[in-house]
Structure formats: C-alpha cells, structure tokens
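Before reading on, please look over the sequence and the fold together, and keep both in view while the text takes up a few features in turn.

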Amino acid sequence: MRPILMKGHERPLTYLKYNREGDLLFSCAKDHTPTVWYAHSGERLGTYGGHSGAVWCCDISRDSSRLITGSADSTASLWDVKSGTQLFCFQFDAPARAVDFAVGDKLAVVTTDPFMGQTSAIHVKTISSDLDNQTGESVLTIKGQGRINNAVWGTLNKTIISAGEDATVRIWDSETGQLLNESSNETGHQKTITSLSMSEDGSHFLTGSSDKSAILWDTRTLTIIKKYVAKSPINAVAMSPLLDHVVIGGGQDAGVVTTTSHRAGQFEAKFFHKIREEEIGGVKGHFGPINALAFNPDGRSFSSGGEDGYVRLHHFDQDYFNIK
C-alpha cells in the first residue's frame with residue numbers, strides 16, 4: 001500500500017476532513033492556510049487565505065458548497081468551497097478550537113478556548129443561506145470546563161457532545177444549554193481527550209486521549225461499548241464507514257517530542273478491530289506524531305496528517321478488505 005505524499009503545509013497538521021461524497025479532502029494546519037485536495041490523486045486544488053493564526057478544525061456543508069474553519073486568531077470563518085472566497089467571519093474573544101455543522105447546515109457549533117481569565121465556551125451560530133442576513137450573534141452560549149477540544153452535534157441536532165482537557169465527555173441540550181449527561185473519570189478517560197469521531201449513523205462515537213486509550217461510547221447513554229489501548233498518547237481517531245475497524249494515531253504531545261522519542265512504531269496509524277478490540281495492523285511513515293486521521297466516506301482509503309507537515313493518503317490494497 002504505497003501512500004501518496006501531499007506536501008502543501010509549512011507547519012504541523014491539525015485536522016483532516018473529507019466531504020460527503022469523498023472526492024475532496026480538506027486539511028488544516030498551524031500555518032494559517034486551510035487547503036483542499038482531490039481525495040483520489042492527492043492533487044492540491046486550492047487554499048483558503050485569510051486566517052492569521054493556526055487553524056485547528058474545519059467542517060464542510062452537506063452539499064460541499066461551504067467550509068467553516070476555527071482558528072487561533074479568535075475567529076471562525078465561512079468560506080465558499082469553490083472560489084475560496086471568505087463569506088463571513090465570526091469574531092470571538094478567544095481562540096476558536098472546534099467547529100461542526102448541524103445536520104441541515106442551518107446551525108454550526110464553535111468552541112472557544114479559556115483565554116485571559118475567560119472560561120472556555122460552546123457557541124451555537126445560525127448559518128444563513130442568504131449572506132446579507134448572516135449575523136455573528138450566538139443563539140446559545142454554554143460555559144465550559146477546561147479547554148474543549150471537540151464539540152459535535154448529537155442525533156437530530158437535539159444535543160451537543162463536547163470533550164477536552166478535563167477528560168470528561170458531556171452531552172448538552174442544544175436548545176437550552178442544559179447538561180444532560182457526563183462521563184465518569186473512574187471508568188472513562190483519565191487525561192485530556194484530544195479527538196472525537198462520530199459514527200455515520202450517529203449511534204456511537206470514538207474518543208482518543210493522551211491517557212493512551214481510545215473509547216467507543218453509546219451516544220444516547222454514554223455507556224462505554226469498547227476500549228482500545230495504545231502504547232503512546234493518542235492525538236487522532238477515526239472509524240471505518242465500511243468495516244468494523246478503528247484507526248488511532250499519535251505518538252506524543254508536540255511539546256514533549258525529543259530526539260529520544262523516535263522509537264520505531266510510535267508514529268504509526270494503528271488499526272484495531274472495532275468489536276474484538278485487538279490490534280490488526282499498522283501503517284508507518286510519518287516522521288513525528290500523527291495529529292489528524294480521516295476515513296474516506298467510501299471506506300476504501302484513509303489519510304493521516306502529522307507533526308512533520310505531510311498529509312499521507314493511503315488507498316487500501318485488496319488484502320485489507322480480506323482481513324478477518
């Protein structure tokens with residue numbers, strides 16, 4: 001399985017996301033410039049210029065017409081995917097960390113980091129189809145605990161699921177902002193939750209943590225379904241839409257990587273059987289921790305983004321589909 005190496009970023013990768021059809025791949029990095037690629041060939045299509053800080057996260061509307069990005073420059077931007085034009089800029093008093101379009105693309109959730117004495121927050125924004133009516137007002141603001149690294153919409157947009165620095169997964173009512181459920185630190189993660197990936201049908205989701213574990217949760221009840229254990233901190237997780245496989249990647253927090261931590265295999269994307277919880281294989285190649293992972297919606301390829309500034313695109317060999 002020979003990877004396609006995509007070099008378009010000057011700084012470490014932070015996030016990868018395919019569009020609904022799986023023909024486009026969007027990448028975010030610490031170099032201020034989100035980039036879009038052809039998901040099959042790895043050819044770079046274009047960039048979105050306008051941020052003045054690291055871009056932490058992005059999401060694409062269902063019809064692939066709009067992109068939303070969250071950045072350390074304290075803004076979240078709406079872009080026209082085709083032309084690269086910045087359509088609107090949401091201003092905040094703190095770095096914007098996670099972004100996610102609701103089903104129907106009429107709402108978006110944006111989280112902001114704790115900053116200058118302010119707590120972290122979850123903001124719900126209306127996304128207008130008519131740009132003249134687009135406002136920066138929040139429909140709902142929920143104050144958070146610690147830095148919130150991830151926030152996604154739950155089933156039917158009725159809830160928002162958040163996770164982050166305090167190792168707790170929380171489920172909020174998306175209309176009232178009321179806390180509905182939270183995970184227990186005794187059974188759940190022990191350290192920062194770095195990543196969260198929702199299943200295609202919204203019934204379960206996967207979280208990765210710097211406590212070297214990934215957990216599969218029931219979306220409604222927050223029951224732990226499965227747990228996958230790695231040898232090093234996890235920065236990114238993804239689930240196959242096709243097979244019962246999950247992939248996790250990491251290596252170390254970027255801040256603590258030294259020459260001594262280049263032990264072979266630490267920077268591998270590791271595949272686990274979703275049900276049996278056993279490791280079934282790994283894909284090496286990055287020269288540093290893996291910060292981002294994404295499966296193509298057709299399940300036939302996946303991509304990884306690393307601290308080394310590379311995106312590696314892997315089309316699976318036939319052998320992969322025969323793994324029992």
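The report that follows treats a sheet, then the enclosed cavities, and then the aromatic rings.

The structure shown here is a predicted model. In it, four strands form an open sheet in the order β10-β11-β12-β13, and their pairing is antiparallel. At the edges of this sheet stand β10, covering residues 96-101, and β13, covering residues 138-143, each of which pairs on one side only. From one strand to the next, the twist averages 15 degrees. The edge strand β10 is joined to β11, residues 107-112, by four bridges in the antiparallel sense, and within this part of the sheet Ala96 stands opposite Thr112 of β11.

We turn next to empty space inside the protein. Rolling a probe the size of a water molecule over the atoms reveals where such space remains. The structure holds two cavities of 30 Å³ or more, and the table sets them side by side.

| Cavity | Volume | Residue classes in the lining |
|---|---|---|
| Largest | about 50 Å³ | four nonpolar, five polar, three charged |
| Second largest | about 30 Å³ | four nonpolar, four polar, two charged |

Among the residues that line the largest cavity are Ile122, Gly144, Arg147, Ser162, Asp166 and Trp172. Two elements, β15 (159-164) and β16 (170-173), give two or more residues to this lining, and β15 gives the most, with three residues. The second largest cavity has a lining that includes Phe267, Val283, Lys284, His286, Arg312 and His314.

The last topic is the aromatic rings, for which the count comes to 15 pairs. Why is the pair of Phe271 and Phe295 called edge-to-face? The ring centres of Phe271 and Phe295 lie 6.2 Å apart and their planes stand at 90 degrees, so the pair falls in the edge-to-face class, for which the planes must be over 60 degrees apart. This pair links distant parts of the chain, since Phe271 belongs to strand β24 (residues 269-273) and Phe295 to strand β26 (residues 290-295), with the two positions 24 residues apart in numbering.

Are these two rings buried or exposed? Phe271 has a relative accessible area of 5% and is therefore buried, and Phe295, at 9% relative accessibility, also counts as buried, the limit for this class being under 20%. Phe271 and Phe295 also belong to a cluster linked by ring pairs, together with Phe302, Phe316, Tyr320 and Phe321.

Methods
Residues are numbered from 1 along each chain as its sequence is written. This is a predicted model: local features need pLDDT of at least 70, side-chain atom pairs count only at pLDDT 80 or more; totals for chains, interfaces and linings use all residues. Side-chain values use heavy atoms; hydrogens and water are left out. Two strands pair if DSSP finds at least two bridges between them. Axes are lines fitted to C-alpha atoms, for helices over the stretch in contact, and angles run from 0 to 180 degrees between N-to-C directions. On a 1 Å grid over the protein atoms alone, a cavity is a set of points where a 1.4 Å probe fits but cannot get out, and a pocket is an open set with protein on both sides within 12 Å along at least five of seven lines; lining residues have an atom within 4 Å of a point. Grid points are joined across faces, edges and corners, and a volume is the space filled by probe spheres set on the points. Ala, Val, Leu, Ile, Met, Phe, Trp, Tyr, Cys and Pro count as nonpolar, Asp, Glu, Lys and Arg as charged, and the others, Gly among them, as polar. Rings of Phe, Tyr and Trp (its six-membered ring) pair if their centres lie within 6.5 Å; planes under 30 degrees apart count as stacked, over 60 as edge-to-face and the rest as tilted. Buried means under 20% relative accessible area, exposed over 50%, partly exposed in between (1.4 Å probe, protein chains only).
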